Amino acid sequence: MYARLTGTGSYLPGTAVSNDDLAARGIDSNDEWIVSRTGIRSRFLAAPETTSSELGLVAAQRALDMAGVAASDIDLIIVATSTPDFIFPSTACLIQGRLGSSKGAAAFDVQAVCSGFVYALGIAEKFIRSGSHSKALVIGAEVFSRILDWNDRGTCVLFGDGAGAVVLEAAEEPGILTTAMHADGTQNGILNVPGQVCGGQVTGDPFLRMDGQAVFKFAVRVLAEVAEEVCVDAGIPTNAVEWLVPHQANIRIMEATAKKLGIDRDRVIITVDRHGNTSAASVPLALDEAVRDGRIRRGQRVLLEGVGGGFTWGAALLEF
Ligand SMILES: CC(C)(COP(=O)(O)OP(=O)(O)OC[C@H]1O[C@@H](n2cnc3c(N)ncnc32)[C@H](O)[C@@H]1OP(=O)(O)O)[C@@H](O)C(=O)NCCC(=O)NCCS
């Protein structure tokens, strides 16, 4: 028994906000700095009342439409998010409620920050391979704009909002070949939102904080390592991967990773220039774009990988 991707979907809120737009809003930065350090030219920012569940719902419906699967047939919903609508219930339960017809499906959120989608996909794959579930919705949905300190130019220019989703179904043919998930909690201090709600008040710091250079070095190392790990596990060389869909944080991290793996730049799916870093949504957003524009086709080997706060990292190697 394998788990196979049968549909993808995504959604970006509002209109693109360029680097110049941010500068015009008073952010002490400029297009030249942001593009040269990160490759980011624009991002989408949700309206203040828009939630992760709303973005995730649209992405999920689009993935269900592509798969030709009714919401009522879904028996597992996993949402990866660090910006849930509420403390509880989970964003997955809210999406299930709005999908309307999937009552009874297991639904829960996964918190692994920017690795969240890859973690959620690996978990769903294990549920399906065990035989306990047969049709899963795996969603990454974020409104990171809510947790950005707009006075911190070192972080606020990097992130955006959005959602991506896949339908995963039990199949006799691959499918996901292998997955890997890792964490190093000793590195929790280099990227975090170190706040909480306590006694009706926010305590600590409710904004994203980051040691950019430490994150950069960590990400390049573990993204190459985990890609090699899943390829060894599947018995293929890394350069036999037809498409690399990495977490979209920074073009320089992605290029360095692809170079280490011997994968040409034109086989790397890149959306960071237009989406910024949408955390758990970035991998399924990039995957959906490349599926819909015809680059990723049935039977091709695709490597998805993520890295994020925690620190967490992971990968999934699949035959699309
Ligand atoms: C964030 C990042 C782009 C910063 O680049 P950097 O080369 O490390 O830059 P530094 O933080 O050393 O800052 C260099 C200078 O640019 C300035 N600067 C920082 N952000 C700026 C901005 N948006 N616009 C203009 N200048 C900026 C700094 O103030 C500093 O100025 P100084 O030298 O006068 O003090 C880079 O570290 C990075 O991409 N890290 C990984 C981040 C990431 O991917 N996070 C998500 C992981 S899931």
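**A ligand between two domains**

In this predicted model, 21 residues surround the ligand. The closest are Ser29, Arg153, Gly212, Phe216 and Ala249. Which elements supply at least two residues each to this shell? They are helix 2 (31–38), helix 6, helix 7 and strand 14 (301–308). Helix 7 gives the largest share, with five residues. By class, the shell holds 11 nonpolar, eight polar and two charged residues.

Where does the ligand lie relative to the domains? The protein is divided into domain 1, residues 2–172, and domain 2, residues 177–319. Both domains give residues to the shell, so the ligand lies between them.

Now take the two domains themselves. Their C-alpha centres lie 14 Å apart. On one side of the interface stand 46 residues of domain 1; they are in contact with 45 residues of domain 2. Several elements build the domain 1 side, each with at least two residues. The strands are strand 1 (2–11), strand 3 (42–44), strand 6 (135–143) and strand 7 (161–171). The helices are helix 5 (116–130) and helix 6 (153–156). Helix 5 supplies the largest share of this side, seven residues. The side of domain 1 that touches domain 2 divides into 23 nonpolar, 17 polar and six charged residues. Helix 6 thus appears both here and in the shell around the ligand.

Next, look at Ile77. This residue sits in strand 4, which spans residues 76–80. Is Ile77 buried or exposed? Ile77 is buried, because 28 other C-beta atoms lie within 10 Å, and the cut-off for a buried residue is 20 or more. Ile77 and Ala120 are 43 residues apart along the chain. Their C-alpha atoms are separated by 9.5 Å.

Return to helix 7, the element with the largest share of the ligand shell. Two packed helices are described by the angle between their axes and the distance between the axes. Helix 7 covers residues 212–234, and helix 8 covers residues 251–261. Their axes come within 9 Å and cross at roughly 35°. The crossing is right-handed. Which residues make the contact? Helix 7 contributes Phe216, Ala219, Val220, Leu223, Ala224 and Ala227. Helix 8 contributes Ile253, Ala256, Thr257, Lys260 and Leu261. By class, this contact has nine nonpolar, one polar and one charged residues. Phe216 has two roles in this picture: it is among the closest residues to the ligand, and it takes part in the contact of helix 7 with helix 8.

Note on methods: Residues are numbered from 1 along each chain as its sequence is written. This is a predicted model: local features need pLDDT of at least 70, side-chain atom pairs count only at pLDDT 80 or more; totals for chains, interfaces and linings use all residues. Domain bounds come from an automatic or database domain assignment. Two residues are in contact if their C-beta atoms, placed from the backbone, lie within 7 Å. Helices (H or I, at least four residues) and strands (E, at least two) are DSSP runs, numbered from the N terminus. Ala, Val, Leu, Ile, Met, Phe, Trp, Tyr, Cys and Pro count as nonpolar, Asp, Glu, Lys and Arg as charged, and the others, Gly among them, as polar. A residue is buried if 20 or more other C-beta atoms lie within 10 Å of its own, exposed if 12 or fewer, and partly exposed in between; C-beta atoms are placed from the backbone. Axes are lines fitted to C-alpha atoms, for helices over the stretch in contact, and angles run from 0 to 180 degrees between N-to-C directions. A crossing is left-handed if the near helix is turned anticlockwise from the far one by less than a right angle, and right-handed if clockwise. A residue is near a molecule or strand if its C-beta atom, placed from the backbone, lies within 6 Å of it.
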